[in-house]
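This report looks at selected side-chain contacts and at one pocket. Please keep the sequence and the three-dimensional view at hand while reading.

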Amino acid sequence: MSNTPMAASPLTRAVLEIDEYASGLGWDQPARLFALVDTARLRAKEPGLAAQLGLEHEQETSGLTPVEQEEIPSGKPLDEFLGTIAWPDAVVGCALTVERLMLPPSAENSVPEGLSGKKLTQWVAAHPDRQEVRMTVGVLRDGTRDSALRLREKDAATEVLTGAGLVPGLADALSATFAD
């Protein structure tokens, strides 16, 4: 990953790698789900797949490799879809990148009473302070979390915010995919 900080944790590097990949696809993309696998274990156990992914010459021993999964069904709510996922033991974590409209906390008090579902979505989409954001959230089986947020209006790698607690609800939903 060319623009990923080398001092970052393996999960942070994986989340930023996925963010950069999604950025290269442009905006207005569907959500994308990734399995996170241990790069060294992948090279040792699946050398053919590692070669396909261009990992055969990687020197790093503590990295994570994101492996994009099949397309997320568009007709099913994301939380329902995530509830159907079970990962094999070789998957040490997972990540999701999704685009949403967000409002600043100050807009919370101006939400008309009784709005939900499509009407709330329409209200947010028409709000003058809305921001389009791409959220990339990754979790590991051990509970470690990290996130990257990219605003459409500040669409540059140097403007990506990172942090473990940026999108707690989505991180919780992803962590639940590892529950027994």
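Is D155 buried, partly exposed or exposed? With a relative accessibility of 36%, D155 counts as partly exposed, and this value, like the others below, comes from a predicted model.

## Salt bridges around R150

The side chain of D155 meets that of R150 in a salt bridge, with a distance of 2.9 Å from N to O. R150 itself counts as buried, at 4% relative accessibility, so this salt bridge joins a buried residue to a partly exposed one.

The pair does not stand alone, since D19, R150 and D155 are linked in a network of salt bridges. Across the whole structure, a search finds seven salt bridges, and two others are described next.

## Salt bridges between separate parts of the chain

R152 and D28 meet through their side chains in a salt bridge of 3.2 Å, taken from N to O. Because R152 lies in the loop between β5 (145-151) and β6 (161-163), and D28 in the loop between α1 (10-25) and β1 (32-38), the pair ties together parts that are 124 residues apart in sequence. R152 is partly exposed, with 31% relative accessibility, whereas D28 is exposed, at 57%.

A salt bridge also forms between the side chains of E68 and R32, at 2.9 Å from N to O. Here E68 belongs to strand β2 (residues 64-68) and R32 to strand β1, so the contact ties together parts that are 36 residues apart in sequence. E68 is partly exposed, its relative accessible area being 31%, while R32 is buried, with a relative accessible area of 16%.

## Aromatic pairs and a charge over a ring

How many aromatic pairs does a search of the whole structure find? The search finds two. In one of them, the rings of Y21 and F34 have centres 6.0 Å apart and planes at 90°, and the pair is therefore edge-to-face. Y21 lies in helix α1 and F34 in strand β1, so this pair ties together parts that are 13 residues apart in sequence. Y21 is partly exposed, at a relative accessible area of 36%, and F34 counts as buried, at 4% relative accessibility.

For W87 and F178, the ring centres are 6.2 Å apart and the planes stand at 25°, so the pair is stacked. W87 lies in the loop between α4 (78-82) and β3, and F178 in the segment after α6 (168-176), so the pair ties together parts that are 91 residues apart in sequence. W87 is buried, with a relative accessible area of 13%, and F178 likewise counts as buried, at 12% relative accessibility. Another ring, that of W27, has R134 lying over its face, at 4.1 Å from the ring centre.

## The second largest pocket

The second largest pocket has a volume of about 360 Å³. Its lining is made up of 13 residues, of which L101, M102, L103, L120 and V124 lie nearest the centre of the pocket.

Which elements each supply at least two residues of this lining? They are β3 (91-102) and α5 (117-126), and the largest share, five residues, comes from α5. Sorted by class, the lining of the second largest pocket holds ten nonpolar residues, two polar residues and one charged residue.

Terms used. Residues numbered from 1 in each chain as written. Predicted model: local features only at pLDDT ≥ 70, side-chain atom pairs only at ≥ 80, totals over all residues. Heavy atoms only, no water. 1 Å grid on protein atoms, 1.4 Å probe; cavity = no way out; pocket = protein on both sides within 12 Å on 5 of 7 lines; lining within 4 Å. Points joined across faces, edges and corners; volume = space filled by probe spheres on them. Helix = DSSP H or I, 4+ residues; strand = E, 2+ residues; numbered from the N terminus. Nonpolar A, V, L, I, M, F, W, Y, C, P; charged D, E, K, R; others polar. Salt bridge = Lys/Arg side-chain N within 4 Å of Asp/Glu carboxyl O. Buried < 20%, exposed > 50% of the residue type's maximum accessible area, 1.4 Å probe, protein only. Phe/Tyr/Trp six-rings, centres within 6.5 Å; stacked < 30°, edge-to-face > 60°. Lys NZ or Arg CZ within 6 Å of the ring centre and 35° of its normal.
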